[in-house]
Amino acid sequence: MTATGIGASPRRKEDFRFITGKGNYTDDINRAGQTFACFVRSPHAHATIGRIDAAAALAMPGVVAVLTGQDMADDGIGGLICGWMVHSKDGSPMKAGPHPALAQGKVRYCGDCVAVVIAESYAQAKDAAEAVAVDYHPLAAVVDAKAALGPDAPLVHDEIAHNMVFDWELGNYKETVDAFTAAAKVVSLDIVNNRLIPNAMEPRAAIGDYDSGTGIHTLYTTSQNPHVARLVLSAFIGIAPEHKLRVIAPDVGGGFGSKIFIYAEETVCVWAARRVGRPVKWTGERSESFLSDAHGRDHHTHAALALDAGGRITGLRVKTIANLGAYLSTFASSVPTYLYATLLSGQYDIPAIYAEVQGVYTHTAPVDAYRGAGRPEATFVVERIVEEAARQLGEDPAEFRRRNFIRSFPHQTPVIMAYDIGDYEASLDKAMQLIDYDGFPGRRRASEAAGKRRGIGLSTYIEACGIAPSAAVGSLGAGVGLWESAEVRVNPTGSVEVLTGSHSHGQGHETTFAQLVSERLGVPLENVEIVHGDTDKVQFGMGTYGSRSGAVGMSAIAKALDKVEAKAKKIAAHLMEAAPGDIEFKDGRFTVAGTDKSLTFPEVSLAAYVGHKFPTSEIEPGLKESAFYDPLNFTFPAGCHICEVEIDPDTGVVRIERFVAVDDFGVIINPMIVEGQVHGGIAQGIGQALLEHGIYSEDGQLLTGSFMDYTMPRAGDLPSFQLGLTTTRCPSNPLGMKGCGEAGAIAAPPAVINAITDALQIRDFAMPATPERVWRAANAVALAAE
Amino acid sequence: MTAVSMTVNGKSVSADVEPRTLLVEYLRENQRLTGTHVGCDTSQCGACVVHVDGVAVKSCTVLAVQAEGASVVTIEGLAKDGKLHPVQEAFREHHGLQCGFCTPGMIMTAVDMIRRHPEGLDEATIRAELEGNICRCTGYHNIVRAIEAASAAMGAKEAAA
Ligand code: FES
Ligand code: FES
C-alpha cells in the first residue's frame with residue numbers, strides 16, 4: 001500500500017477550498033443581468049384555485065414578471081414525473097395524478113407552488129410575492145396515510161379512489177401462510193417509522209440561464225445527478241431538447257437523497273429564464289426546504305414472525321402503509337416497494353416472507369428517498385421484531401440472532417435479493433467485544449444504583465447498495481438503467497483527468513477516485529483531477545445515491561483504466577521494440593520483462609501524443625479511454641451496531657453512553673472518509689430515533705417547519721462513536737467494494753430503540769424518543785396511579 | 001438607502017445598502033465574499049458565523065448597518081500570508097468536514113471558542129459550545145476531534161511563546 005493508494009487515508013483534495021471559503025455552491029454563482037425568483041406557495045393543504053390576480057405585484061418596484069401554471073401550460077411545459085413503475089397485486093399499473101410544477105386549478109399540500117414572481121432583487125420578488133392575490137377555496141385535507149385510505153377521506157387526486165397509488169405485494173404468499181399455520185410461536189408488532197425532513201445544510205437552489213443566440217439553456221442546480229435531471233427536464237417535462245440543455249451541479253452542500261429529485265422550482269427557473277430573457281436565480285430559504293424538499297420514511301407497519309419450537313424463524317409477514325405525500329416524487333414509488341421489501345430477510349435465513357405495501361396519497365409534501373431509502377424502514381421492522389421474539393423467548397437477543405443468521409453464500413432470499421457474500425457472525429462478535437457486552441449487567445447495576453435505567457440494543461443490519469444492475473432494476477420497473485460511466489484522459493505530460501457520472505456532495509470523490517488512479521497508474525495524487533457535475537463535460541452518468549459511487553462509479557473508472565493501461569503498453573512496446581505481451585506495468589513504470597529497459601508513465605503519455613513514435617495505422621494517437629460499467633449484482637454491506645443508553649427517569653432524557661458500529665463494506669479505498677460516512681449516518685439514525693419528527697396538523701399545516709421546531713441532532717445530543725470493520729470482499733465488482741454511505745442511518749434507529757425498550761422493560765416505543773415521551777413511559781405506573 | 005462603512009478582512013469598504021440588508025447579505029452580495037453561508041432563516045444553524053470586532057456572531061442576525069465602523073473577519077480572512085489558521089489545518093487533518101457547507105461557520109465558531117477557553121477544551125465543553133452550529137454530514141465526531149486538536153496545538157504554541 002502506498003501513502004496515497006487504495007487503503008490509505010490521504011487528506012482530502014477538496015478540503016482546501018472549503019476551509020478557506022472558496023467553495024463554489026449554486027448560490028455563490030451569479031450571472032450577468034440575473035433576476036431573482038420568489039415562489040408564491042399555498043398556505044392551504046388542499047384548495048381549489050380561482051383567480052390569481054398579479055396586478056398589484058406587477059406594479060411593485062423591480063418586478064419583471066409573475067408567472068403561473070397556466071403560463072407553463074401555454075408554453076407546452078409538462079408536469080413532473082415519477083420514474084419508477086410499480087404494479088399492484090392485480091397487475092394494474094400504479095395510479096399517478098398529474099404534478100404540474102406550478103399548480104393548475106388545485107393545490108394539494110402546504111407549500112405547493114402556485115406562482116413565481118421574478119424581480120430585480122430577491123427582496124423585491126419576496127415583497128411582491130406577498131401581493132399576489134390568490135383566490136383559494138379551501139377543502140378538507142388528510143395527512144395520515146391510514147386515514148387517507150378510509151371511505152370518507154378527502155381525495156388528493158379526484159380520479160384516484162381511496163388515495164391508493166398502488167397495492168403491491170412481494171414474496172411467497174402460500175409458503176408464508178403455511179409457515180404461520182405450522183408455527184410453534186408467532187410474535188407480532190405494530191411499527192411506525194416516523195416522517196423525517198432531510199435538511200441538507202445547503203438549501204436547494206437553481207439558476208436558469210438562456211442564450212437566445214444558440215438556444216442553449218443552462219441550469220445551475222443543487223443536484224446529486226445532473227444528467228438524470230437533464231434527461232427528465234428534456235424528454236419528459238419538455239423544457240428544451242437534451243442537446244440544448246446543460247445542467248451544472250457545482251459544489252453541493254449535502255444531499256442525503258433530497259437532491260436526487262427533479263423539483264418544481266428548478267424546472268421553473270430554467271423555463272422562466274427563456275420566458276423573461278434573463279437569468280433567473282432562486283435560493284430556497286430553510287422554511288421552503290422544510291415545506292417542499294421531499295420528506296422521508298412515514299410508514300405504518302404490522303409485522304408478524306413465525307417461529308418453530310427450536311426458536312428458528314420460519315416466516316415473516318409484513319403489511320405496510322406508506323405515505324407518499326401529495327404527488328409522486330421522482331423515485332417515490334420505488335422506495336417503499338423494491339428498496340424496502342427486498343431487504344426484509346435481513347441477515348436471517350427466513351424461508352418464507354410475504355409483504356404487502358399500500359402506497360397512499362395525502363395532503364403532505366411528497367415523500368421519497370432519504371438516506372437509506374426503504375432499507376432503514378425494512379431494517380427497523382426486522383430488527384425490532386427479532387428483538388421482540390428473543391425477549392418473548394427469554395433469550396439473549398444476540399444468541400437469537402446468531403442462531404438465525406444466514407451462513408452460506410450465495411443466498412437467495414424469498415424477496416428477490418441474492419446475497420453474494422457476508423460474515424454476519426464476525427461483525428456481531430466484534431461489536432459485542434468492542435462494547436464489552438459481557439460487562440453490561442455490571443454497568444446496568446451501577447446505573448440503577450444511581451437511580452437511572454440502562455439498556456442495550458443490537459441491530460444486525462443488511463443493505464443493498466451499488467444501486468444497479470440495469471437488467472435487474474429494469475425488470476423491477478426502473479425507467480432508467482443504473483450503470484455508471486467514466487472517462488480517463490491522460491494528458492501529454494502524464495497528468496490525468498477523470499470524468500465521472502457520479503456526483504460528490506460531501507463524499508470525497510475528488511480524493512478517493514484519485515487514489516484509485518494514483519494506485520493504478522503510479523501518478524501522484526495531485527496530478528489527478530476528478531471532473532463531475534457538468535453535463536457538457538461528462539457525457540452521461542447516473543449520479544450519486546444508494547451508496548453506489550464506489551461500487552459502480554469507481555468500477556467504471558477501473559474499467560477505463562484497464563483500457564488505458566492496455567493501450568499504453570502497446571505504445572511502450574513499440575518504443576522499446578518489444579512484444580506488447582512482454583511489457584510489465586508497475587508503480588508507474590513500463591518494463592520489458594527480464595530486461596532493464598523501461599519507460600515512465602509520463603514518457604509513454606507524451607509519446608502517445610507524438611504520433612511519429614509508433615505506427616498510427618495500428619495504434620491511434622492519444623491516450624483517452626472511456627467505459628460504461630454495469631455490475632453483476634447489488635452489493636450487500638452488513639454489520640452490527642450496538643447502542644447502550646442511560647435514561648434519567650426524572651427527566652426522560654436518553655443519553656447514548658456507548659455506540660459501537662462494526663461494518664463490512666468490502667474493500668475500502670480511504671478508511672478516514674469511510675469512517676466519516678459512518679459517523680454521519682449514525683448521527684442521522686440517532687436523530688430519527690431520539691429527536692426528529694416531521695409533523696403536520698390535522699388540517700395539513702407543517703408544524704415542524706423550522707430548526708426551532710424540528711429537532712436536528714446537535715453536537716451535544718451525540719456521543720463519540722466507536723467503529724470497527726470486518727471484511728468480506730465483494731465478488732460482484734472488480735474492486736471488491738460494497739458501499740458505506742447509508743449504513744449508519746439504516747442500523748442506528750433499531751439499535752437505539754432496542755436499547756430504550758430494554759432500559760424501560762417495555763415492548764415498544766415509537767420514534768422519536770423525546771424526553772417528554774420517555775418520561776411518561778418511565779413513570780407510566782406512577783402516572784396511572786394518579 | 002443607507003451608507004455603511006466597515007473593515008472586512010483588513011480592508012476598508014463602504015457601500016449604500018437598504019437598511020434591512022443583513023450583514024450576511026452584505027458580505028455575500030456586496031463584497032462577493034461567498035464563504036459565509038446561509039443555512040437557515042431562524043438563527044439556528046451557524047453556517048453564517050463571522051467575527052465582528054473579534055467576537056463570533058451569526059451574520060444572518062445582524063444588520064449590515066449595525067456593523068458600521070466594526071472590523072469584520074470572514075472565513076476568507078482567516079488564513080494569514082498564505083498560511084492556514086491552525087483551526088483550518090485541524091479541520092482538514094481530522095476530516096472535520098464533508099460537504100463543506102457548515103464548515104466556514106464551524107471554523108469561525110471554533111476559533112472564537114478556543115480564544116474564550118485558554119485553559120483548553122474537553123469533549124463535553126466543545127459539544128456544549130457547538131450548540132449553535134448544525135452539521136448534517138459529519139455527526140460532529142471529527143469536528144470535535146479537530147477542535148480538540150486545534151485547541152491543544154494553539155495552547156502549546158502559546159505556552160512556547
Ligand atoms: S444562517 Fe445564520 S444561523 Fe443559520
Ligand atoms: S460538512 Fe456538510 S453540513 Fe457539515
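**Pocket, domains and interface in a predicted model**

Colleague: What volume does the largest pocket have?
Modeller: This structure is a predicted model. Rolling a probe the size of a water molecule over the atoms shows where empty space is left. For the largest pocket, the volume comes to about 1,300 Å³.

Colleague: Which element gives the largest share of the lining of the largest pocket?
Modeller: The residues closest to the pocket's centre, out of 42 that line it, are A:Y122, A:A123, B:L22, B:E25 and B:E29. Two or more lining residues come from each of α4 (122–131) and β12 (280–283) of chain A, and from each of β2 (11–17) and α1 (23–30) of chain B. The largest share, five residues, belongs to α1(B).

Colleague: How many residues in the lining of the largest pocket are charged?
Modeller: By class, the lining has 14 nonpolar and 11 polar residues. The charged residues in this lining number 17.

Colleague: Which three residues supply 39% of the area that domain 1 of chain B buries against domain 2 of chain B?
Modeller: Chain B is divided into domain 1 (2–77) and domain 2 (86–160), and their C-alpha centres lie 22 Å apart. The contact involves 17 residues of domain 1 and 14 residues of domain 2. Between them the two domains of chain B bury about 1,200 Å², with 61% of it on carbon and sulfur atoms. The 39% of domain 1's buried area, more than any other three residues supply, comes from B:H37, B:H51 and B:I75.

Colleague: How many salt bridges are there between domain 1 of chain B and domain 2 of chain B?
Modeller: Side chains of opposite charge can pair when their charged atoms come close. Over all chains, the count comes to 64 salt bridges. Between domain 1 and domain 2 of chain B, the count is zero.

Colleague: How many residues apart in sequence are the parts that A:K106 and A:D158 tie together?
Modeller: A:K106 forms a salt bridge with A:D158, and the closest N and O atoms are 3.2 Å apart. A:K106 lies in strand β4 (residues 106–107) of chain A, whereas A:D158 lies in the loop between α5 (145–148) and β7 (164–171) of chain A. The pair therefore ties together parts whose separation in sequence is 52 residues.

Colleague: How many salt bridges does the rule find across the interface of chain A and chain B?
Modeller: In this interface, 54 residues of chain A are in contact with 45 residues of chain B, and the buried area is about 4,100 Å². One salt bridge joins the side chains of A:R11 and B:E93, at 3.1 Å from N to O. Across the interface of chain A and chain B, the number of salt bridges found is five.

Definitions and conventions
Residues are numbered from 1 along each chain as its sequence is written. Chains are lettered from A and ligands numbered from 1 in the order in which they are written. This is a predicted model: local features need pLDDT of at least 70, side-chain atom pairs count only at pLDDT 80 or more; totals for chains, interfaces and linings use all residues. Side-chain values use heavy atoms; hydrogens and water are left out. On a 1 Å grid over the protein atoms alone, a cavity is a set of points where a 1.4 Å probe fits but cannot get out, and a pocket is an open set with protein on both sides within 12 Å along at least five of seven lines; lining residues have an atom within 4 Å of a point. Grid points are joined across faces, edges and corners, and a volume is the space filled by probe spheres set on the points. Helices (H or I, at least four residues) and strands (E, at least two) are DSSP runs, numbered from the N terminus. Ala, Val, Leu, Ile, Met, Phe, Trp, Tyr, Cys and Pro count as nonpolar, Asp, Glu, Lys and Arg as charged, and the others, Gly among them, as polar. Domain bounds come from an automatic or database domain assignment. Contact means heavy atoms within 4.5 Å. Buried area is the accessible area (1.4 Å probe) that two parts lose on being put together, summed over both. A salt bridge is a side-chain nitrogen of Lys or Arg within 4 Å of a carboxyl oxygen of Asp or Glu.
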